[in-house]
Amino acid sequence: MSRINYPLDRIKAVAFDIDGVLSPSTIPMGPDGIPQRMANIKDGYAMQLAVKHGLKLCIISGAQAPGLLERYRALGMTDIYLGASMKIGILRKWMDDNGLHPDEVAYVGDDIPDLQAMAAVGLSVAPSDAAHEVKQAARFVSRAAGGYGVARELLEEILRAHGQWLNRSTAFGW
């Protein structure tokens, strides 16, 4: 039984922020001043598996750094929007372009710039270390802190609800 109080079998798509969600909020700076983000391997496994099962995944982030496009493209994602200062417009257009209704979409965010996007979808999700206002607005708060398995926890539950978690031999490879 899922800890997420939402009909997860309805979810067809998930949009993620990067910093504070797919990578920790505190990140080292390189000598050139560019943040050096971490990536959670278990998040990556769940993301590539979700894409293989037809779940639409999207990145909408204010981040702009070398390697981010390559990281998420390598997981099979094609809808990657970086340098997004206002996320709601991008989210709405992505939903329209993909024929998605708000109740079919989850959005995962951790800070104030994510609040509008979280309010525009059926399932709003926050990491355990998200800003107070974001946790208050979230329908589900993950057990995991940002960068430490938030995507894995959510996607595993969604795929289970769809009967697609570890249901065939392709689940055991990348």
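The paragraphs below lead through a predicted model, beginning with one helix and going on to its charged pairs, to other salt bridges and to a pocket.

A useful place to begin is helix H6, which covers residues 150-161. At 1.5 Å a residue, the 12 residues of this helix should span 16 Å, and the end C-alpha atoms are 17 Å apart, which agrees with that expectation. Of these 12 residues, 9 are buried, so H6 is largely enclosed by the rest of the structure. The buried residues are Val 150, Ala 151, Glu 153, Leu 154, Leu 155, Glu 156, Glu 157, Ile 158 and Leu 159. Their cover includes helix H1 (41-52) together with the strands E1 (13-16), E2 (56-60), E4 (105-108), E5 (123-126) and E6 (140-141). After H6 comes Gly 163, a residue whose phi is positive, near 70°.

Within this helix, Glu 156 deserves a closer look. Its side chain meets that of Arg 152 in a salt bridge, at 3.2 Å from N to O, and Glu 156 also forms a salt bridge with Arg 160, where the closest N and O atoms are 2.6 Å apart. Arg 152 lies 4 residues from Glu 156, about one turn of the helix, and Arg 160 likewise lies 4 residues from Glu 156, about one turn of the helix. Because buried means under 20% relative accessible area, Glu 156 counts as buried at 19%, while Arg 152 is partly exposed at 21%. Arg 160, with 46% relative accessibility, counts as partly exposed.

Salt bridges are found elsewhere too, and the count for the structure comes to 9. In one of them, the side chains of Lys 12 and Glu 104 meet at 3.0 Å, N to O. This pair links distant parts of the chain, since Lys 12 belongs to the segment before E1 and Glu 104 to the loop between helix H3 (87-97) and E4, 92 residues apart. Lys 12 is partly exposed, with a relative accessible area of 44%, whereas Glu 104 counts as buried at 9% relative accessibility. In another part of the picture, Asp 17, Lys 87 and Asp 114 are linked in a network of salt bridges.

The last feature is empty space rather than a contact. The largest pocket holds about 170 Å³ of space. It is lined by 15 residues, of which Gln 36, Arg 37, Pro 66, Gly 67 and Leu 68 are the closest to its centre. Sorted by class, the lining of this pocket has 9 nonpolar, 3 polar and 3 charged residues.

Terms used. Residues numbered from 1 in each chain as written. Predicted model: local features only at pLDDT ≥ 70, side-chain atom pairs only at ≥ 80, totals over all residues. Heavy atoms only, no water. Helix = DSSP H or I, 4+ residues; strand = E, 2+ residues; numbered from the N terminus. Expected span 1.5 Å × (residues − 1). Buried < 20%, exposed > 50% of the residue type's maximum accessible area, 1.4 Å probe, protein only. Contact = heavy atoms within 4.5 Å. 1 Å grid on protein atoms, 1.4 Å probe; cavity = no way out; pocket = protein on both sides within 12 Å on 5 of 7 lines; lining within 4 Å. Points joined across faces, edges and corners; volume = space filled by probe spheres on them. Nonpolar A, V, L, I, M, F, W, Y, C, P; charged D, E, K, R; others polar. Salt bridge = Lys/Arg side-chain N within 4 Å of Asp/Glu carboxyl O.
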